[in-house]
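Visitor: Please take me to one part of this molecule and go over it slowly, residue by residue. After that, I would like to know how that part sits within the whole.

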Amino acid sequence: MTSPPGTGATTPARRPLVVLLLAHYLSSFGNAVTVVTIPLYVLGVTGSSVSTGLAGFANTLPLIFAGAVGGVWIDRIGGKRMSVLCDLLAGTVIGLIPLLNDTVGLALPVLMGLLFVRSLGSTPTGAARQSLLKGLADRAGVRLESANSWMQGAPRLGLLVGAPLGGLLAAVSGPVIGMYVDSATFLLSALLIGVAVPGGPVAPAAERQGFVRQLTEGLRLVKQLPVIGAMTSFVFVTNFLDDAFTPVILPVYSDQVLGGGQYLGWLVAASGCGAVAGTFLYGPASKRLLTSRRWTLLGAFLVIGGLRLALGGQPGAVLSIAISFLLGLAAGPLNPVLSTVMLNKVPQALFGRVFALTSAVAMSAAPIGILVAGWAIHGIGLRWTLLAFGATYVVLVLVSLRNRALREMDNLTEPSEAADGDGAAGTDKELARD
């Protein structure tokens, strides 16, 4: 991660932002390495695809609830403390797996338990760091769009670089080294944030409500801010269409249209490169070209829909790879756009809960979309599935043009005290610091 444009060296005001981003990149890189090394490790130890599937299930199960629960704790103890604690937990647990296996042995139930705890710790870290971003960007004099572009680029770049490296490490020295790398990145991330990043606002203990009440306050705020609900609904539908593309549609497309599964890697790599480029280019492009967040969101999905329709024409390998790159490029600005609006609209005291709840709702569409895509390909064929999914994007964008709530995406009014709700822990001015 480079220093913000226009600075030869990191100034003291920008150093906390740079350190936060560096920590985020480190843990994202380690996460990507683990995506490859854990299934290879379990398969090598047990020799069972069933055990590998169970381990993957244990590693992803906390994604369903850990984010929402973690969101309350972010608002309770602050983003800095939550990030450090989660990094320490995840780093320690993932390091224990090869250590226990090489010493006293590691039974499969214990392994699944450790993977569950590791994911439990790593899931809330993104929201915890995101809650610190606006304050650090303001302190550094960096545009929030640029800061979000750098932040959201971490998982994309981490996956693009870390996953192949994880496979290389596994091939050269076995998957154990990859897990130690993941452990080290989390522990180093905890150290960097703990030492060099100032804390955000924390509600005084005397003003905190019960856990369930705090959780429902996030839902109440979403109702009070129609733009957040509109964005969440929009992303729910697009996740339904999007998340089936790589695990279901692309493998079938590679096999049936391009004539071999070997093309899948090229399609995924091209999409990943495009996504990284689109994410990082959004920062400078948002100054003059992509100045409207609403039109950036709708325009990106309109392009994605058109490109999906183009794939329905089943072009050759070269054009398909080029289309995959353009699909990633169009998707790149989406997360920075949505994060920028969230950080501008949601009061700091409620950010953890709102971010976690909206993310959980949006992500809940993914498994449904995967199932529907599989049934659609079986029932109406690949070509018509691609055309149907692409047309749905276009229709969604056309319908959303009349959505008044989405127009608020371009209104950068700061969150008002009234938006905190009756039960909120207070405004930023009334909050203590980590």
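Guide: Gladly; let us begin at glutamine 130, which is in contact with Asn148, Met151, Gln152, Ser339, Leu343, Phe351 and Phe355, once its neighbours within four places in sequence are left aside. Contact here means heavy atoms within 4.5 Å. Please keep in mind that this is a predicted model, in which local features need pLDDT of at least 70 and side-chain atom pairs count only at pLDDT 80 or more, while totals for chains, interfaces and linings use all residues. Residues are numbered from 1 along each chain as its sequence is written, and side-chain values use heavy atoms, with hydrogens and water left out.

Glutamine 130 sits in helix 6, residues 125-140. Helices (H or I, at least four residues) and strands (E, at least two) are DSSP runs, numbered from the N terminus. Glutamine 130 counts as buried because its relative accessible area is 2%; buried means under 20%, exposed means over 50%, and partly exposed lies in between, with a 1.4 Å probe and protein chains only. Its side chain also makes a polar contact of 3.3 Å with the side chain of glutamine 152. A polar contact is a pair of N or O atoms within 3.5 Å; within protein, one must be able to donate a hydrogen and the other to accept it, and residues adjacent in sequence count only if both atoms are side-chain atoms.

Elsewhere in helix 6 you will find glycine 126. At a relative accessible area of 25%, glycine 126 is partly exposed. Its C-alpha lies 9.8 Å from that of serine 27, although 99 residues separate the two in sequence. Alanine 128 brings in another helix: its C-alpha is 6.2 Å from that of methionine 82, a residue 46 places away along the chain. Methionine 82 belongs to helix 4, residues 79-102, and is buried at 9% relative accessible area. Beyond four places in sequence, methionine 82 touches Gly70, Trp73, Ile74, Ile77, Pro124 and Ala128.

Now let us move to helix 7, residues 144-173, where glutamate 145 lies. Glutamate 145 is buried, since its relative accessible area is 10%. Its side chain is joined to that of arginine 293 by a polar contact of 2.8 Å. Not counting residues up to four places away in sequence, glutamate 145 touches Tyr282, Gly283, Ser286, Arg293 and Thr340.

Helix 7 itself deserves a look along its length. Its 30 residues should span 44 Å at 1.5 Å a residue, and its end C-alpha atoms are 42 Å apart, which agrees; the expected span is 1.5 Å times one less than the number of residues. Helix 7 bends by about 35° at alanine 154, with proline 155 following within four residues. That bend is the angle between axes fitted to the seven residues ending there and the seven starting there. Just after helix 7, glycine 174 has a positive phi of about 95°.

Ser339, a contact of glutamine 130, and Thr340, a contact of glutamate 145, are both among the buried residues of helix 15. Helix 15 covers residues 334-345 and reaches 17 Å from its first C-alpha to its last, close to the 16 Å expected. Because 11 of its 12 residues are buried, helix 15 is largely enclosed by the rest of the structure.

Helix 15 also leads us to methionine 231, whose contacts more than four places away are Leu338, Val341, Met342, Leu406 and Met409. Methionine 231 is one of the buried residues of helix 10. In the largest nonpolar core, which has 78 residues, Ile228 and Met231 touch the most other members. A nonpolar core is a set of buried Ala, Val, Leu, Ile, Met, Phe, Trp, Tyr and Cys residues joined through side-chain atoms within 4.5 Å. A second, separate core of 12 residues includes Tyr41, Val93, Ile94 and Leu114.

Finally, here is the whole chain around these residues. It has 18 helices and 2 strands, and 50% of its 434 residues count as buried. Of its contacts between residues at least 6 apart in sequence, 86% join residues at least 24 apart.
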